[in-house]
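When looking at a folded chain, it helps to ask where empty space remains inside and how the helices around that space are set against one another. The report below takes up these two topics in turn.

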Amino acid sequence: MEVYGLISNFADVMEKTKIQGHAAVLMANVIFGLGVPVTKLLLDQWVSPMAYMATRCIGAAVIFWVISLFVPHERVERRDLMVIMAGGLLGFVISQTLTAWALSFTSPVYFSLIATLTPVATMLCAALLIGEKMTRRGVAGVLIGIAGAMLLVLMGWQSGHGTNDLLGIGLAFLSLLTWAVYLIITRKVSGKYSAVTQMKWVFLVSTVAVLPFSWGDLQGARLYGEAWQWSGALEMAFIVVFATVAGYFAIPYAMRYLQATTVSVYTNLQPIIASLVAIAIGQDVMTWDKPVALVLVLLSAYIVTKK
């Protein structure tokens with residue numbers, strides 16, 4: 001009976017932490033979904049892609065290092081630190097720079113369509129790099145999620161296109177591939193260290209890597225000159241505080257309890273969130289495809305994660 005009680009308690013703890021992991025990745029992708037149209041506004045009106053990235057890196061690095069002063073200190077093994085830094089360069093600097101450039105060349109609609117392929121890319125990369133088993137159930141769940149996101153994007157297709165859609169779509173593909181690899185290579189270290197410990201190093205190395213290439217762009221950005229306005233400042237504050245600090249805190253936290261493929265499935269929520277926001281502010285109208293798409297995406301997450 002005592003052994004049974006211990007097993008039962010352990011199972012309860014595991015279930016609770018898994019729920020917390022799902023809640024964290026859900027929150028992150030809601031924020032990332034909101035960040036896509038906000039990023040497009042910033043790139044169109046206030047900053048270049050490199051100035052945008054430098055602001056995110058510097059702001060997040062300062063915030064995470066300040067937070068680290070008020071939480072227990074963790075000693076990071078040198079090998080793990082190299083993985084965290086490499087993951088930061090890949091999953092933030094390279095992936096998010098490609099995202100910024102993609103959105104400067106194409107529309108958020110095109111970008112969202114490409115982003116729905118992230119779970120497929122993650123599942124394939126996990127199978128190739130770490131031998132994670134691909135089950136029929138998992139493949140079916142991912143395909144259902146992609147169907148939901150594509151339904152929303154295709155039904156809301158706009159006639160207006162970007163300045164160079166082919167280049168933008170190509171950059172979006174590269175962005176999702178680097179993000180998928182980031183999820184995989186940081187899976188083990190995410191379970192060993194707190195999100196604050198990981199992110200303070202991620203954004204420190206990101207700042208060092210980005211700043212030399214973006215200093216001129218920062219100086220010439222409208223947002224940091226006499227033409228600045230509160231609207232642009234608030235948009236950038238949202239990107240730094242929520243789409244960077246909160247979002248990138250939630251992802252490693254979720255990966256302590258969930259598989260990389262499971263985390264990537266929630267990416268399909270991003271275009272749905274962007275559409276719901278557009279409806280709320282009068283830029284779009286409610287149609288039958290939006291709630292159907294939402295149900296499909298959530299169903300896909302359930303199928304992939306259900307044992």
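Helices, here, are DSSP runs of H or I with at least four residues, and they are numbered from the N terminus. With that naming in hand, one can read the model, which is a predicted one, helix by helix.

**Cavities inside the model**

A search of the whole structure finds two cavities of 30 Å³ or more. The second largest cavity holds about 30 Å³ of space, and the residues that line this second largest cavity are I84, G88, Y182, T186, Q198, M199 and V202. Both α3 and α9, the latter spanning 195–220, supply at least two residues each to that lining, and α9 gives the most, with three residues. Sorted by class, the lining of the second largest cavity has four nonpolar and three polar residues, and no charged ones.

The largest cavity, by contrast, has a volume of about 380 Å³. Its lining is made up of 28 residues, of which F32, Q96, T99, F111 and Q270 are the closest to the centre of the cavity. Several helices each contribute at least two residues to the lining of the largest cavity, namely α1 (2–45), α2 (49–68), α3 (78–105), α4 (108–115), α7 (165–185), α10 (230–255) and α11 (260–265). In this lining, 16 residues are nonpolar, 11 are polar and one is charged.

**How pairs of helices pack**

Three pairs of helices can be set side by side, and the table gives the angle and the axis separation for each of them.

| Helix pair | Angle | Distance between axes |
|---|---|---|
| α2 and α3 | about 140 degrees | 9 Å |
| α2 and α10 | about 60 degrees | 9 Å |
| α3 and α9 | about 60 degrees | 8 Å |

For the pair α2 and α3, the angle is about 140 degrees, and so α2 counts as oblique to α3. The crossing of α2 and α3 is right-handed. From α2, the residues P49, M50, Y52, M53, R56 and C57 meet F92, V93, Q96, T97, A100, W101 and S104 of α3, and this contact comprises nine nonpolar residues, three polar residues and one charged residue.

What, then, of the way α2 is set against α10? The two helices pack at an angle of about 60 degrees, and therefore α2 and α10 are oblique to each other, while their crossing is right-handed. On the α2 side the contact is made by Y52, T55, R56, G59, A60, I63 and F64, and on the α10 side by M236, I239, V240, V241, A243, T244, V245, Y248 and F249. Grouped by class, the residues of the contact of α2 with α10 are 12 nonpolar, three polar and one charged.

The remaining pair is α3 and α9, which pack at an angle of about 60 degrees, with their axes 8 Å apart; α3 is therefore oblique to α9. Here too one can ask which hand the crossing of α3 and α9 has, and the answer is that α3 passes α9 in a right-handed crossing. In this contact, L81, I84, M85, G88, L89, F92 and V93 of α3 meet Q198, W201, V202, F203, V205, S206, A209 and V210 of α9. By class, there are 12 nonpolar and three polar residues in the contact of α3 with α9, and no charged ones.

**Linking the two views**

Some residues appear in both parts of this report. I84, G88, Q198 and V202 are among the residues that line the second largest cavity, and they also take part in the contact of α3 with α9.

Terms used: Residues are numbered from 1 along each chain as its sequence is written. This is a predicted model: local features need pLDDT of at least 70, side-chain atom pairs count only at pLDDT 80 or more; totals for chains, interfaces and linings use all residues. Side-chain values use heavy atoms; hydrogens and water are left out. On a 1 Å grid over the protein atoms alone, a cavity is a set of points where a 1.4 Å probe fits but cannot get out, and a pocket is an open set with protein on both sides within 12 Å along at least five of seven lines; lining residues have an atom within 4 Å of a point. Grid points are joined across faces, edges and corners, and a volume is the space filled by probe spheres set on the points. Ala, Val, Leu, Ile, Met, Phe, Trp, Tyr, Cys and Pro count as nonpolar, Asp, Glu, Lys and Arg as charged, and the others, Gly among them, as polar. Axes are lines fitted to C-alpha atoms, for helices over the stretch in contact, and angles run from 0 to 180 degrees between N-to-C directions. Angles under 35 degrees count as roughly parallel, over 145 as roughly antiparallel, 65 to 115 as roughly perpendicular and the rest as oblique. A crossing is left-handed if the near helix is turned anticlockwise from the far one by less than a right angle, and right-handed if clockwise. Contact means heavy atoms within 4.5 Å.
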